[in-house]
Amino acid sequence: MAWEWSHTDQAYAAAESNLRDLSRAELLTILREWAHRDRVDGNILRVRLGAKRPGGFRLPVGMRQLATDTLADIVWERASELSTCTSGGYYAYVCPYGCHMVSFDRADDSAEDY
Ligand SMILES: [Zn+2]
């Protein structure tokens, strides 16, 4: 079950910082999912179910040339519009399908170094 965002400014800042720590490749993967969602919502093209890599996941033209910071800006803007998180509110969804998320807690990330 997903919850709606209802966090402190500090938690949003932590989530945004965690998002900006993601690799460029991961940001591009997330943006492919947003592009897919936009196409499904807009009925721009029908998703070929079962296809290994549906055309619907193509990046919008020109997006690959954008700076990594700009890619992160776009993902954060989309995530903020979605404002959905895991139940309990620990992780913010940064893609439309809930398979990519970042913690609202900045301390969580440093724990990964252990
Ligand atoms: Zn995802």
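Two residues count as being in contact when their C-beta atoms, placed from the backbone, lie within 7 Å. With that idea in hand, welcome to this structure, which is a predicted model. Its chain has four helices and four strands, and from the N terminus on these elements run β-α-α-α-β-β-β-α. The points below go from the whole chain to its helices, and then to a handful of single residues.

**The chain as a whole**

- The chain holds 114 residues, and buried residues make up 23% of them.
- Looking at contacts with a separation of 6 or more, 63% are between residues 24 or more positions apart.

**How confident the prediction is**

- Across the chain the pLDDT averages 85, and 81% of the residues score at least 70.
- Residues 43–54 are a stretch to treat with care, as pLDDT stays under 50 there.
- For this same stretch, residues 43–54, the model has eight contacts beyond four places in sequence.
- Where pLDDT is low, the predicted coordinates should not be read in detail.

**Helix α1 and its meeting with α3**

- Helix α1 covers residues 9–20, which makes 12 residues.
- From its first C-alpha to its last, α1 reaches 17 Å, close to the 16 Å expected at 1.5 Å a residue.
- Several residues of α1 are buried: A14, A15, E16, N18 and L19.
- Two packed helices are described by the angle between their axes and the distance between the axes.
- For α1 and helix α3 (residues 68–82), the axes come within 10 Å and cross at roughly 140 degrees.
- Angles over 145 degrees would count as roughly antiparallel and those from 65 to 115 as roughly perpendicular, so α1 and α3 are oblique to each other.
- The crossing of these two helices, α1 and α3, is right-handed.
- Where they meet, α1 brings E16, L19 and R20, while α3 brings A72, V75 and W76.
- Two of those α1 residues, E16 and L19, are also on the list of buried residues in that helix.

**Helix α2 and what lies around it**

- E33 has its place in helix α2, which spans residues 24–42.
- E33 counts as buried because it has 20 C-beta neighbours inside 10 Å, and 20 or more is what a buried residue needs.
- Leaving aside residues up to four places away in sequence, E33 touches C95, P96 and Y97.
- R37 is also found in helix α2.
- With 17 C-beta neighbours inside 10 Å, R37 counts as partly exposed.
- R37 and P96 are 59 residues apart in sequence, yet their C-alpha atoms are 6.8 Å apart in space.
- P96 therefore appears twice here, as a residue that E33 touches and as the partner of R37 in that C-alpha distance.

**G56, in the loop after α2**

- G56 lies in the loop between α2 and α3.
- It has 19 C-beta neighbours inside 10 Å, so G56 counts as partly exposed.
- From C-alpha to C-alpha, G56 and A35 are 7.2 Å apart in space, with their positions 21 residues apart in sequence.
- E33 and G56 are 23 residues apart along the chain, and their C-alpha atoms are separated by 8.6 Å.

**W3, in the opening strand**

- W3 lies in strand β1, made of residues 2–4.
- W3 counts as partly exposed because it has 14 C-beta neighbours inside 10 Å.
- Not counting residues up to four places away in sequence, W3 touches C85, S87 and G89.
- Its C-alpha atom is separated by 9.3 Å from that of A92, although W3 and A92 are 89 residues apart along the chain.

**S83, with a positive phi**

- S83 lies in the loop between α3 and β2 (84–86).
- Most residues other than glycine have a negative phi.
- In S83, phi is near 35 degrees, a positive value in a residue other than glycine.
- S83 counts as partly exposed, because it has 14 C-beta neighbours inside 10 Å.

Terms used
Residues are numbered from 1 along each chain as its sequence is written. This is a predicted model: local features need pLDDT of at least 70, side-chain atom pairs count only at pLDDT 80 or more; totals for chains, interfaces and linings use all residues. A residue is buried if 20 or more other C-beta atoms lie within 10 Å of its own, exposed if 12 or fewer, and partly exposed in between; C-beta atoms are placed from the backbone. The expected span of a helix is 1.5 Å times one less than its number of residues. pLDDT is the predictor's confidence in each residue, from 0 to 100. Axes are lines fitted to C-alpha atoms, for helices over the stretch in contact, and angles run from 0 to 180 degrees between N-to-C directions. Angles under 35 degrees count as roughly parallel, over 145 as roughly antiparallel, 65 to 115 as roughly perpendicular and the rest as oblique. A crossing is left-handed if the near helix is turned anticlockwise from the far one by less than a right angle, and right-handed if clockwise.
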